[in-house]
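Here are my notes on the model you sent over. I've kept them as numbered points so you can follow along in the viewer.

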Amino acid sequence: MREIDKDLIFINMNFENKSELFGFIADELKKRNYVTDTYEEAVNKREEKFPTGFQLKNINIAMPHADPVNSRADKLVVLTLEKPVEFQNAEDKGMIGVNVVFGLVFHNRDKHIDYLMRLSNLIQDSGKLEKIKKSVTKDEIYDLLDETFK
């Protein structure tokens, strides 16, 4: 899968807050020339206006992203978190502790929408999300996502 690289899957990460998490994601993407220098600020601003935290049955997730103008490639970044990071809930604006982050980086607007829809399907499958959260290798997560994004 072109959009999912094993080197953009990070397991049991630790961050004090979402700004630190966004900084890490931006640095990893900039190293690979997948985003512009405006990406980190754009993600932070978008998250303030349109929160991406979702409280699900057993796992809380976030799907942060910026407008396509801040991206040079179409990629999905996946992070599992050792301890939850506070995000604003997209539905009621309350705060929730997020365990899994799916960072969307898309230059192609159509792919961006397609991946949002596919992620929506994935987050409805609590079994797959639980497997992602408990994964101990990048290969495990990659294989689960490969199955979802065929």
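1. Start with Met 13, which stands opposite Leu 81 in E4. Keep in mind that this is a predicted model. E1 and strand E4 (residues 75-88) are joined by 4 bridges, and the two run parallel.

2. Now zoom out to the sheet. It is an open one made of 5 strands, in the order E1-E4-E5-E3-E2, with mixed pairing. At the edges sit strand E1 (4-13) and strand E2 (53-55), each of which pairs on one side only. Going from one strand to the next, the twist averages 20°.

3. Back on E1, have a look at Asn 12, which is found in that strand. Its phi is near 50°, a positive value in a residue other than glycine. Is Asn 12 buried or exposed? Neither label fits: with a relative accessible area of 38%, Asn 12 is above the 20% limit for buried and below the 50% one for exposed, so it counts as partly exposed.

4. Next, the helices lying across the sheet. H1 lies across E1, E4 and strand E5 (95-105), and it runs at about 165° to E4. Helix H3 (residues 109-123) lies across strand E3 (60-62), E4 and E5, at about 140° to E5.

5. A quick sanity check on the length of H1: with 14 residues at 1.5 Å a residue, H1 should span 20 Å. The end C-alpha atoms of H1 are 20 Å apart, so the two values agree. At the start of this helix, a side-chain oxygen of Asn 17 comes to within 3.1 Å of the backbone nitrogen of Ser 19.

6. What is tucked away in H1? The buried residues are Leu 21, Phe 22, Gly 23, Phe 24, Ile 25, Ala 26, Glu 28 and Leu 29. Note that Glu 28 is in that list. The cover over these buried residues includes E1, H2, E4 and E5.

7. H2 has its own buried set: Tyr 39, Ala 42, Val 43, Asn 44 and Glu 47. Which elements do the buried residues of H2 pack against? They pack against H1, E2, E4 and E5.

8. Asn 33 deserves a point to itself. You'll find it in the loop between helix H1 (18-31) and helix H2 (39-49). Asn 33 has a positive phi of about 65° although it is not a glycine. Its relative accessible area is 48%, under the 50% limit that exposed residues must pass, so it goes down as partly exposed.

9. What does the side chain of Asn 33 touch? A polar contact of 2.7 Å links it to the side chain of Arg 72.

10. Last, a link back to where we began. Asn 33 and Met 13 are 20 residues apart in sequence. In space, their C-alpha atoms are 22 Å apart. Met 13 is the residue opposite Leu 81 in E4, while Asn 33 is in the loop between H1 and H2.

Conventions:
Residues numbered from 1 in each chain as written. Predicted model: local features only at pLDDT ≥ 70, side-chain atom pairs only at ≥ 80, totals over all residues. Heavy atoms only, no water. Buried < 20%, exposed > 50% of the residue type's maximum accessible area, 1.4 Å probe, protein only. Polar contact = N/O pair within 3.5 Å; in protein donor to acceptor, adjacent residues only side chain to side chain. Pairing = 2+ DSSP bridges. Axes fitted to C-alpha atoms, helices over the stretch in contact; angles between N-to-C directions. Contact = heavy atoms within 4.5 Å. Expected span 1.5 Å × (residues − 1).
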